[in-house]
Amino acid sequence: MISRRMLIAAGAAAAGSAGEAAAAGPTQAHAAPPGFLWGTAISAHQSEGNNTNSDNWLLENLKPTVFKERSGDACDSYNRYEEDIALNAALGFNCYRFGIEWARIEPSPGQFSNAELDHYERVLAACHKYGQTPVVTFSHFTVPLWFAERGGFEVADGADLFARYCGKVTERLGSLIGMASTFNEANVQLLLQIMGPMLGHSALSKEMIAAARKATNSERFSSLIYADPALTQPVLLDAHRKGYQAMKAARPSLPVGVTLTTQEVQGVGADSIADQVQKNLYGGWIEAARDSADFVGVQTYSRLMIGSKGLVMWPKGTEMTAAGYEFRPEALAATIRWAHKAIGKPIYVTENGIATEDDARRIAFIDQALAGVRACIDEGIPVHSYMYWSLLDNFEWASGYRQHFGLVSVDLQTFKRTPKPSAAYLGGLARRNLL
């Protein structure tokens with residue numbers, strides 16, 4: 001059993017001067033509202049390991065592929081979930097956002113695995129054991145391989161199949177779930193469409209999907225991130241609404257929302273098309289969040305600078321993160337204000353974080369982001385959480401294990417978890433409920 005003292009000591013030992021900063025806390029800190037959720041976020045595919053029945057597993061193991069590495073064992077969180085939850089609690093957090101994996105729960109069409117539902121029941125029970133509010137994502141980019149082979153969310157009845165899955169899971173597990181969201185970053189394809197020129201591997205993506213269609217003998221194979229938004233977004237919107245209804249039917253009191261990628265959009269020049277880009281980024285999700293969500297999850301990492309022809313690269317000398325975009329913690333306050341004005345639902349920060357090898361910059365990022373959260377609350381905006389992405393250094397999709405967002409490092413051979421100074425810093429604030 002990992003004790004709180006052991007884990008905090010590990011973080012403090014790593015912290016050095018940053019640990020002293022954690023004890024002192026930020027300047028001008030104020031108490032967060034009562035009931036504020038402090039936590040970390042993780043996803044199933046990125047941390048559990050060996051998600052062999054998913055579309056993403058196939059894509060990682062194909063040639064050609066956009067993936068620099070395979071997910072493999074990932075952080076082995078499928079087996080070490082209690083260690084992760086205990087660590088989250090010991091650091092000072094009171095909620096844990098994680099994903100349940102559709103590809104495990106429904107390994108073939110209409111066949112739901114009681115063994116896998118039992119597994120996630122144990123994960124949820126562990127959250128309660130350690131005093132963590134479970135914030136559960138029902139779909140975090142990946143889908144069952146059979147679903148991808150039949151066309152994924154390009155096929156209209158994909159919405160009904162997703163809703164069936166949502167209903168089955170909520171019937172079985174809903175009483176243990178604190179909050180839930182249908183999709184993670186439901187509009188992520190729209191962001192990728194805007195950022196296309198910056199990403200630069202669209203040709204390779206098409207070759208990878210062609211290889212997947214050949215490998216599965218299915219010309220309809222579709223994987224969400226690499227699919228055409230014009231085809232998938234209408235089905236995703238339908239899937240969200242039907243999934244929301246299925247979850248509420250199974251447990252009416254369960255708070256169900258949707259999380260969005262909410263990057264700051266800033267115009268450059270008098271003829272900027274920033275307003276149009278902002279509209280394009282959210283598509284139909286503003287209306288969906290208004291009519292079929294109990295809350296909106298804000299997930300912010302940076303800003304998009306938009307000129308007269310679209311995306312403008314950041315000025316020379318701009319501080320960049322290891323993920324290749326601007327160090328911009330102030331973006332969080334901007335997107336909270338946008339969500340409040342545009343949607344008007346309770347706001348939960350369900351992801352915010354930075355990829356960096358310099359943990360002092362991670363602490364600085366957190367400090368500045370929290371200052372923005374505090375300012376928004378002072379303005380009367382209903383912000384109810386701060387969940388850092390991520391608890392662990394994990395599998396970051398096409399980038400593999402090369403980008404480190406985590407508060408805790410993971411040895412990919414032994415799976416040993418080692419808290420960083422930033423874990424002690426943010427956990428210390430969470431324990432004292434200080435923004």
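**From the whole chain to one helix**

The chain exposes about 16,600 Å², and carbon and sulfur atoms supply 52% of that area. This is a predicted model, and the values that follow are computed from it.

Against that exposed surface stands the interior: of the 435 residues in the chain, buried residues make up 60%. The secondary structure comprises 17 helices and 13 strands. The radius of gyration of the chain is 20 Å, close to the 22 Å that the globule rule gives for 435 residues, and the chain is therefore as compact as a globular protein of that length. Taken along the principal axes, the box filled by the C-alpha atoms is roughly 60 × 60 × 45 Å. When contacts between residues at least 6 apart in sequence are considered, 81% of them join residues at least 24 apart. As for charge, the chain carries 40 positive and 44 negative side chains, and the centres of these two sets lie 1 Å apart.

A single helix shows how burial and exposure are arranged locally. Helix α13 spans residues 274-282, and within this helix Ala274, Val277, Leu281 and Tyr282 are buried. Seen down the axis of α13, the buried residues fall within an arc of 125°, so they line one face of the helix. Asp275 and Lys279, by contrast, are exposed and sit on the other side of α13. The residue that follows α13 is Gly283, whose phi is positive, near 50°.

Key: Residues numbered from 1 in each chain as written. Predicted model: local features only at pLDDT ≥ 70, side-chain atom pairs only at ≥ 80, totals over all residues. Heavy atoms only, no water. Helix = DSSP H or I, 4+ residues; strand = E, 2+ residues; numbered from the N terminus. Rg over C-alpha atoms; globule rule 2.2 N^0.38 Å. Buried < 20%, exposed > 50% of the residue type's maximum accessible area, 1.4 Å probe, protein only. Contact = heavy atoms within 4.5 Å. Areas by Shrake-Rupley, 256 points an atom, 1.4 Å probe, with all protein chains shown as cover. Lys, Arg positive; Asp, Glu negative; His and termini not counted. Charge placed at Lys NZ, Arg CZ, Asp CG, Glu CD. Arc of directions from axis to C-beta.
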